[in-house]
Amino acid sequence: MLNTDLEKEGTFPAEVEAFRHKILEADSVLFASPEYNYSVSAPLKNAIDWASRPPNVWAGKPAAIVSVGGAFGGGKAQHHLRQIGVFLDIHFINKPEFYLDVFKHPDKCNDDGDLVDEEIKNRLKKVIVSLKEFTLKLQGRN
């Protein structure tokens, strides 16, 4: 968990430094998150917090969110993540949105966890394509 006492002379624990470096190297970020009590899970919030310590490595990054859950498919968690992202200067795509009610039949995945529903695959692909296009636009390479 976030513990600023572990920061020493502007550096972070090795695992945190490695994580922050991966974010810095990334052109964009895809958040895949389950809903957890209408919010983001503790491990995701912790990762967001560590990466936002000065200097904030999220700043200016294009991002997208895909979520799963019951009923609303994780949509309430997405709203909270978007609120967090505003403060951290994460640039989320607005469309398309991707929520998946995992309990609604037919099954979306096989016994190995592979996505088998073609409609869901196409919706997910649209999110990834949109994130790519938005990333290129922000980089001035559209």
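Two residues are in contact when heavy atoms of theirs lie within 4.5 Å. Of the contacts in this protein between residues at least 6 apart in sequence, 76% join residues at least 24 apart. The model is predicted.

**The whole chain**

Start with everything shown. The C-alpha trace spans about 55 × 35 × 30 Å along its principal axes. Of the 142 residues in the protein, 35% are buried. Colour by secondary structure and four helices and four strands appear. Followed from the N terminus, the elements run α-β-α-β-α-β-β-α.

**Strand S1**

Select residues 29–34, which form strand S1. Show the side chains and look at each face in turn. Val29, Phe31 and Ser33 belong to the covered face, while Leu30, Ala32 and Pro34 belong to the uncovered one.

Now add residues 62–69, strand S2. S1 and S2 run parallel and are joined by six bridges. To find one place where they meet, pick Pro34, which stands opposite Val68 in S2. Trace the chain between these strands: it leaves S1, passes through H2 and arrives at S2, making a right-handed β-α-β crossover.

**Helix H2**

Stay on that crossover and select residues 42–52, helix H2. Which residues of H2 are buried? They are Leu44, Asn46, Ile48, Asp49, Trp50 and Ala51. To see what lies over them, display helix H1 (14–25), S1 and helix H3 (75–88), which are among the elements covering these buried residues.

**Strand S2 and its other partners**

Return to S2. Seven of its eight residues are buried, so the strand is largely enclosed by the rest of the structure. Hide the helices for a clearer view of its pairings.

Select residues 91–92, strand S3. S3 runs parallel to S2, and two bridges join them. Click Ala63 and look across to Phe92 in S3, its bridge partner.

Next select residues 98–101, strand S4. S4 is also parallel to S2, with four bridges between them. Here Val66 stands opposite Phe98 in S4.

**Helix H4**

Bring the helices back and select residues 118–138, helix H4. How far apart are the end C-alpha atoms of H4? They are 30 Å apart, which agrees with the 30 Å that its 21 residues should span at 1.5 Å a residue.

Colour Ile120, Val127, Ser130, Leu131 and Thr135, the buried residues of H4. Then turn the view to look down the helix axis. The buried residues fall within an arc of 135 degrees, so they line one face of the helix. Show the strands again to see what this side meets: the buried residues pack against S1, S2 and S4.

Rotate to the face of H4 turned away from its buried side. The exposed residues there are Glu119, Lys125, Lys126, Lys132, Glu133 and Lys137.

**The two ends of H4**

Zoom in on the start of the helix and show Asp117. One of its side-chain oxygens reaches to within 3.0 Å of the backbone nitrogen of Glu119. Then move to the other end. Just after H4 comes Gly140, which takes a positive phi of about 75 degrees. The tour stops here.

Conventions: Residues numbered from 1 in each chain as written. Predicted model: local features only at pLDDT ≥ 70, side-chain atom pairs only at ≥ 80, totals over all residues. Heavy atoms only, no water. Expected span 1.5 Å × (residues − 1). Buried < 20%, exposed > 50% of the residue type's maximum accessible area, 1.4 Å probe, protein only. Arc of directions from axis to C-beta. Polar contact = N/O pair within 3.5 Å; in protein donor to acceptor, adjacent residues only side chain to side chain. Pairing = 2+ DSSP bridges. Right-handed = clockwise from strand over helix to strand, strands pointing away.
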